[in-house]
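Biologist: Before we begin, I should like each label to be justified by a value and a cut-off. May we proceed in that way?

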Amino acid sequence: MGDGRITPRIGSMRTLLGIVAGAGASYGIYKLISMGGMKRNKKSVTSESPGPRSSSPSEVTLQPGSLLAKVSGLDVVCPRPADIASGDIIHQSPDNLDPQHLKMLLSCLQTNTNPSDKCRILVTLGNAAAFTVNQNLIRDYDGIHIIAGFLSDSVAEVRVQTLNALNNLCMNIQNQEQIKVYVPQVLELIEMSPVNSDLQLGALRLLTNLSVTDKHQHLLKDSVTLLLSLLVVSIEALQVQALKVLVNLSSNPDMMDDIVQAQAPASVVLLYDARTASPVLLRLLMFAGNLKAWRPSAQVADELRRKQDCLFRVMLDESSQLHSRVVQLLSHPDEEIQAQVARILT
């Protein structure tokens, strides 16, 4: 990503985190700038997944009868193989595309240089990938690597639609084996993209699906600081998505050592407040409940107390404000929130 194709600007994650750190809102957030990319026991918390998504870029002209019209309501001009008749394409539904149709779309994606057309093709592939048969076919045609190649496209909307397509493909366990190699690139997109952008949201959705099972969670162990910092600078939609990933990771006891040692903004505790949006507060409490279920030895706890800005000090140590703030939520009107408060306090 250091090739200049993704240009940081005043709205970027790095810039805003630097401002937040400079204002004294958290401990150690500035260290994100130097980040290199940094057996299941579910208890009462379940993994969260955004599920398959349908999407479409704006201001698109529809050509009735085209393959893209049938699949995603979009049209794109691509050369077709000579042996594919137009009638074979027109009458397909997204859950029953013929293999040659997917081959054609992947070929078009590789050869088309128009950003708008690339977005439309990616939308079509992403919508088709909501169906298992197409997830498997796209993988068999090396489509995952073809699509992931556009994570570094110079156009932001192309990167967004790439993330959306990969998100749907990631619903398939076999596909995750190929998608996992792009985790560092996806994390870099989160860090380098404008705060609260569709790029950040799309990247977090992909990481949510990838972190539903234990198998690939270790790839995200160095991302905890980034995810925690998103909580204090982002809008509700991104807070919820970042928390979905944190809940998934913290529900795995094998990940807990990495989580509690991660640098954390002190201000994250302030989010445990009745004024916080209920979808955010609910997941904050689920995350805290998972942390509270972890029982370190006295020696480990003493070692963690010496790490001034680590998550253990911020949320689990006796000096943390978390307990007193959670107690104040006992009278919250949301029953799910009350249940999570009770889980933490008992």
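Biologist: Why does Cys108 count as buried?

Modeller: This is a predicted model, and every value is computed from it. Cys108 has 2% relative accessibility. Buried means under 20% relative accessible area, so Cys108 counts as buried. Cys108 is one of the buried residues of helix H4, which also include His101, Leu102 and Met104.

Biologist: What makes Cys119 buried?

Modeller: The relative accessible area of Cys119 is 4%. The cut-off is under 20%, and therefore Cys119 is buried.

Biologist: How many disulfides does the structure hold?

Modeller: The count comes to zero disulfides. A disulfide requires a pair of cysteine sulfur atoms within 2.5 Å.

Biologist: Why is the contact of Trp294 with Phe312 called an aromatic pair, and is it stacked or edge-to-face?

Modeller: The structure holds one aromatic pair. In this pair, Trp294 and Phe312 are 6.4 Å apart, centre to centre, with 80 degrees between the planes. Ring centres must lie within 6.5 Å, and planes over 60 degrees apart count as edge-to-face; therefore the two rings form a pair, and the pair is edge-to-face. Trp294 lies in the loop between helix H15 and helix H16, whereas Phe312 is in helix H17, 18 residues apart. Both Trp294 and Phe312 are buried.

Biologist: How do you know that Arg275 forms a salt bridge with Asp273?

Modeller: Their closest N and O atoms are 2.9 Å apart. The limit is 4 Å, so Arg275 and Asp273 form a salt bridge. It is one of nine salt bridges.

Biologist: Which partner is exposed and which is buried, Arg275 or Asp273?

Modeller: Arg275 has a relative accessible area of 77%; exposed means over 50%, so Arg275 is exposed. Asp273 has 15%, which is under 20%, and therefore Asp273 is buried.

Biologist: What makes Glu177 and Lys180 partly exposed?

Modeller: Glu177 is at 30% relative accessibility and Lys180 has a relative accessible area of 28%. Partly exposed lies between the limits of 20% and 50%, so Glu177 and Lys180 are both partly exposed. They form a salt bridge, with the closest N and O atoms 3.1 Å apart.

Biologist: Where do Arg305 and Asp302 lie?

Modeller: Both are in helix H16, three residues apart, about one turn of the helix. Residues three or four places apart in an α-helix point the same way, because there are 3.6 residues a turn. Arg305 forms a salt bridge with Asp302, the closest N and O atoms being 2.9 Å apart. Asp302 and Arg305 are also linked with Arg313 and Asp317 in a network of salt bridges.

Methods
Residues are numbered from 1 along each chain as its sequence is written. This is a predicted model: local features need pLDDT of at least 70, side-chain atom pairs count only at pLDDT 80 or more; totals for chains, interfaces and linings use all residues. Side-chain values use heavy atoms; hydrogens and water are left out. Buried means under 20% relative accessible area, exposed over 50%, partly exposed in between (1.4 Å probe, protein chains only). Helices (H or I, at least four residues) and strands (E, at least two) are DSSP runs, numbered from the N terminus. Rings of Phe, Tyr and Trp (its six-membered ring) pair if their centres lie within 6.5 Å; planes under 30 degrees apart count as stacked, over 60 as edge-to-face and the rest as tilted. A salt bridge is a side-chain nitrogen of Lys or Arg within 4 Å of a carboxyl oxygen of Asp or Glu.
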